Amino acid sequence: NGLNDAAEITTAAASSSNTNAATITASGSPIAGTYDLNVTAIAAVQRNASSNYASMTNSINGGSAFTMTLTTSSGNVDITIDAGKDSVEEVAKAINQSGTGYKASALATGLNGTDVKLVIEGPSGSASAFSVSASATADNGASAFATALQSGKLQDASNASFTINGVPVSRPSNTFEDVISGASISLESVGTTSIKVESDRS
């Protein structure tokens with residue numbers, strides 16, 4: 001029909017009056033309108049820290065293999081730590097490479113790389129809360145590691161909470177596409193903003 005067919009040259013546009021609170025992008029054919037967004041809480045991940053180890057290369061289970069189990073409301077997630085690869089930094093790498101959605105880091109809290117903690121976090125949202133345990137044929141520290149990690153909670157997993165035009169909404173992630181048709185919203189911080197969605201034709 002050529003470019004004079006208005007349906008073929010419709011463009012979507014969206015803006016936020018306060019991008020410190022939220023940003024928005026639009027695509028396709030969104031429902032046009034102006035929306036008052038009040039962000040009262042940002043979605044957060046659960047984060048736990050282990051007890052201190054002497055260095056990044058300190059063995060957690062005396063060189064023996066072990067399995068970390070992360071228990072959530074939807075079941076267990078097992079992460080295998082191979083024999084000879086159980087240093088703090090190697091366990092962090094194994095968690096990151098496990099494809100489970102969990103992330104870990106090894107942080108030296110003391111001078112010159114000492115007092116190293118393993119910090120693990122899960123996906124955001126209250127349903128992603130987890131507990132930690134460990135099992136090993138030769139338990140040379142795996143259980144103690146898991147017990148300390150379980151008790152070392154730094155932050156709880158929680159949902160994002162906000163109202164849009166006064167209607168309360170909760171989401172497990174800070175980015176979502178299912179609240180306003182054709183629009184993706186990313187919550188940045190607690191605050192208020194006015195978001196405008198347009199479907200322009202020229």
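Here is a quick briefing on the chain above, from its overall build down to one helix and two single residues. This is a predicted model, where local features need pLDDT of at least 70 and side-chain atom pairs count only at pLDDT 80 or more, while totals for chains, interfaces and linings use all residues. Residues are numbered from 1 along each chain as its sequence is written, and side-chain values use heavy atoms, with hydrogens and water left out.

**The whole chain**

- You'll find two helices and 15 strands here; these are DSSP runs numbered from the N terminus, with helices being H or I for at least four residues and strands E for at least two.
- The chain is more spread out than a compact globule, because its radius of gyration is 23 Å, well over the 17 Å that the globule rule gives for 202 residues. (That radius is taken over C-alpha atoms, and the rule is 2.2 Å times the number of residues to the power 0.38.)
- Along its principal axes, the C-alpha trace spans about 70 × 40 × 35 Å.
- Take the contacts (heavy atoms within 4.5 Å) between residues at least 6 apart in sequence: 68% of them join residues at least 24 apart.

**Surface and burial**

- Of the 202 residues, 34% are buried, meaning under 20% relative accessible area with a 1.4 Å probe, protein chains only.
- The accessible surface (Shrake-Rupley method, 1.4 Å probe) comes to about 10,200 Å², and carbon and sulfur atoms account for 48% of it.

**Helix α1**

- Helix α1 runs over residues 88-96, and its V88, V91, A92 and I95 are buried.
- Those four sit on the same side of α1, because they cover an arc of only 100° around the axis; the arc is that of the directions from the helix axis to the C-beta atoms.
- Among the elements covering the buried residues of α1 are β5 (66-72), β6 (75-81), β7 (103-108) and β8 (116-124).

**Two buried residues to look up**

- G122 lies in strand β8 and is buried, with a relative accessible area of 6%.
- Leaving out residues up to four places away in sequence, G122 touches V45, Q46, G101, Y102 and F130.
- G101 is 21 residues from G122 along the chain, and their C-alpha atoms are separated by 6.6 Å.
- S50 is in the loop between β4 (45-49) and β5, and this residue is buried too, at 4% relative accessible area.
- With residues up to four places away in sequence not counted, S50 touches K117, L118, F145 and L149.

How values were computed: Buried means under 20% relative accessible area, exposed over 50%, partly exposed in between (1.4 Å probe, protein chains only).
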